[in-house]
Amino acid sequence: EIREKVTTEFGPLYQSLADGLSHLSVFFPRLPTRAHRERDRARAKIHTLFVEVIRKRRESEKKADDYLQVLIDSTYRDGRQASDDDIVGLMLATLFGGQHTSAISSTWL
């Protein structure tokens, strides 16, 4: 389902998200820079794309055997279910982690 949403629109959004992360962002994540504004707009659009899939999956009777389903079914220690925003954040962190780990590993090869 996510792959169906990852259209040609997703690439530039993901790039804007990545471009908005810098050393400056660590110390001043809300500094009103152009890169931060574009990052925030891209994050909001990606959130909309992903939440649509997450909500459809939650409403479905069918359980998939994938990472998204694991996140949807996950609960915190206090019993709360992961929110849509939590899931989107974890999915983006996974995408970034996979991309950057692969890029760094291939650099050393």
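**Charge over a ring.** I started at Y76 and looked at what covers its face. R80 lies there, 4.5 Å from the ring centre. I keep in mind that this is a predicted model.

**Aromatic pairs.** Next I searched for paired rings and got three aromatic pairs. I opened the one made by F10 and Y14: the ring centres are 5.8 Å apart and the planes meet at 25 degrees, so I noted the pair as stacked, the cut-off being under 30 degrees. I then checked where the two sit along the chain. Both belong to helix α2, residues 10–19, and because they are four residues apart, about one helical turn separates them.

Are these two residues buried or exposed? F10 is buried, at 9% relative accessible area, and Y14 also counts as buried, at 12%. I followed the rings further and found F10 and Y14 in one aromatic cluster with F50 and F96.

**Salt bridges.** I ran the search over the whole structure, and nine salt bridges came back. I went through several of them.

My next stop was R34 and E38, whose side chains meet with N to O at 2.7 Å. Both are in helix α4, four residues apart, which I read as about one turn of the helix. R34 is exposed, with 59% relative accessibility, while E38 is partly exposed at 28%.

Then I looked at R39 and D40, which form a salt bridge at 2.9 Å, N to O. Here the arginine, R39, is buried at 10% relative accessible area, whereas D40 is partly exposed at 43%.

Which parts of the chain does the bridge between K63 and D73 link? I first noted its closest N and O atoms, 3.0 Å apart. The pair links distant parts of the chain: K63 is in the loop between α4 and α5 (67–73), D73 is in helix α5, and 10 residues separate them. K63 is exposed at 57% relative accessible area, and D73 is partly exposed at 39%.

I also found a network: R55, R58 and D84 are joined by salt bridges that share partners.

**Nonpolar surface.** Last, I turned to the surface and found a nonpolar patch made by L24, V26, F27, F28 and L31. Together they have about 520 Å² of accessible area. I picked out F28 for a closer look: this phenylalanine is in the loop between α3 (23–27) and α4 (34–59). Its relative accessible area is 48%, so I logged F28 as partly exposed, since exposed needs over 50%.

How values were computed. Residues are numbered from 1 along each chain as its sequence is written. This is a predicted model: local features need pLDDT of at least 70, side-chain atom pairs count only at pLDDT 80 or more; totals for chains, interfaces and linings use all residues. Side-chain values use heavy atoms; hydrogens and water are left out. Patches are made of residues with over 30% relative accessible area and no salt bridge: like charges are joined within 9 Å, nonpolar side chains (Val, Leu, Ile, Met, Phe, Trp, Tyr) within 5 Å. Accessible areas come from the Shrake-Rupley method with a 1.4 Å probe; for residues, only the protein chains shown count as cover. A salt bridge is a side-chain nitrogen of Lys or Arg within 4 Å of a carboxyl oxygen of Asp or Glu. Helices (H or I, at least four residues) and strands (E, at least two) are DSSP runs, numbered from the N terminus. Buried means under 20% relative accessible area, exposed over 50%, partly exposed in between (1.4 Å probe, protein chains only). Rings of Phe, Tyr and Trp (its six-membered ring) pair if their centres lie within 6.5 Å; planes under 30 degrees apart count as stacked, over 60 as edge-to-face and the rest as tilted. A charge sits over a ring if NZ of Lys or CZ of Arg is within 6 Å of the ring centre and within 35 degrees of the ring normal.
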